[in-house]
Amino acid sequence: MIVLKKPRDPVDGAPDARRYARAKTARKASVWSLDDRLLSRANMVDMSAGGACLELATETALPPHFTVRFERRSGMKAHVVNCQLVWQHEVIAGVRFCEGPLTATS
């Protein structure tokens, strides 16, 4: 079991105000539209119980909702997660994990 602790601010030592603790990772992923088109390959920079930070392989404007397929080790089938875009700056994007089916929005 992995225990995620909320980090403290390096300047004043105050606890991180985020809802979930983050864990650094270097997991490979791919971002897919809701109509199953590949939008970009990506590396997951960090993750938490509620979302992740992705570094996209190409500068692609992500839609509000999409799926992320996280590669698994040892050739197992990819883990697919429904996501909502929270923020994006060039090739770095913050995503929130969503439950249930998503529908395309224009």
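How exposed is R37, in relative accessible area? R37 is partly exposed at 49%, where buried means under 20% relative accessible area, exposed over 50% and partly exposed in between, with a 1.4 Å probe and protein chains only. That residue comes up again below.

**Before selecting anything**

This is a predicted model, in which local features need pLDDT of at least 70, side-chain atom pairs count only at pLDDT 80 or more, and totals for chains, interfaces and linings use all residues. Residues are numbered from 1 along each chain as its sequence is written, and side-chain values use heavy atoms, with hydrogens and water left out.

**The whole chain**

Show the protein as a cartoon. It has 0 helices and 7 strands, and from the N terminus on the order is β-β-β-β-β-β-β. Both kinds of element are DSSP runs numbered from the N terminus: helices are H or I with at least four residues, strands are E with at least two.

Switch to a surface. The protein exposes about 7500 Å², and carbon and sulfur atoms supply 53% of that area. Accessible areas come from the Shrake-Rupley method with a 1.4 Å probe; for residues, only the protein chains shown count as cover. Of the 106 residues in the protein, 28% are buried. Among contacts between residues at least 6 apart in sequence, 39% join residues at least 24 apart, a contact being heavy atoms within 4.5 Å.

**Strands β3, β4, β6 and β7**

Select β3 (residues 38-47) and β4 (residues 51-56). The two strands form a hairpin with 3 residues between them. They run antiparallel and are joined by 5 bridges; strands count as paired if DSSP finds at least two bridges between them. Pick N43 to see one of these positions: its bridge partner in β4 is E55.

Stay on β4. In this strand 5 of the 6 residues are buried, so β4 is mostly covered.

Now add β7 (residues 92-98). β4 also runs antiparallel to β7, again with 5 bridges. Click E55 once more: in β7 its bridge partner is I92. G51 has R96 as its bridge partner in β7.

Next, add β6 (residues 79-89), which runs antiparallel to β7 and is joined to that strand by 7 bridges. C83 stands opposite F97 in β7. The hairpin of β6 and β7 has 2 residues between the strands. Centre the view on E90, in the loop between β6 and β7. E90 has a positive phi of about 55 degrees although it is not a glycine.

**The aromatic pair**

Keep F97 selected and add F70. What is the arrangement of the rings of F70 and F97? The structure holds 1 aromatic pair. The ring centres of F70 and F97 are 6.2 Å apart and the planes stand at 85 degrees, so the pair is edge-to-face. Rings of Phe, Tyr and Trp (its six-membered ring) pair if their centres lie within 6.5 Å; planes under 30 degrees apart count as stacked, over 60 as edge-to-face and the rest as tilted. The pair links distant parts of the chain, with F70 in strand β5 and F97 in strand β7, 27 residues apart. F70 is buried, at 3% relative accessibility.

**R69 and the loop between β2 and β3**

Move to R69. Which acidic side chain does R69 meet in a salt bridge? The partner is D36, at 2.4 Å from N to O. R69 lies in strand β5 (residues 65-70) and D36 in the loop between β2 (28-32) and β3, so the pair ties together parts that are 33 residues apart in sequence. R69 is partly exposed at 22% relative accessibility, and D36 is partly exposed at 49%. The phi of D36 is near 70 degrees, a positive value in a residue other than glycine.

Add W32. The charged end of R69 sits over the ring of W32, 3.9 Å from its centre; the criterion is NZ of Lys or CZ of Arg within 6 Å of the ring centre and within 35 degrees of the ring normal.

Finally, select R37 and D35. Their side chains meet in a salt bridge at 3.2 Å, N to O. D35 is exposed, with a relative accessible area of 51%. The structure holds 2 salt bridges, each defined as a side-chain nitrogen of Lys or Arg within 4 Å of a carboxyl oxygen of Asp or Glu. Side chains of opposite charge can pair when their charged atoms come close.
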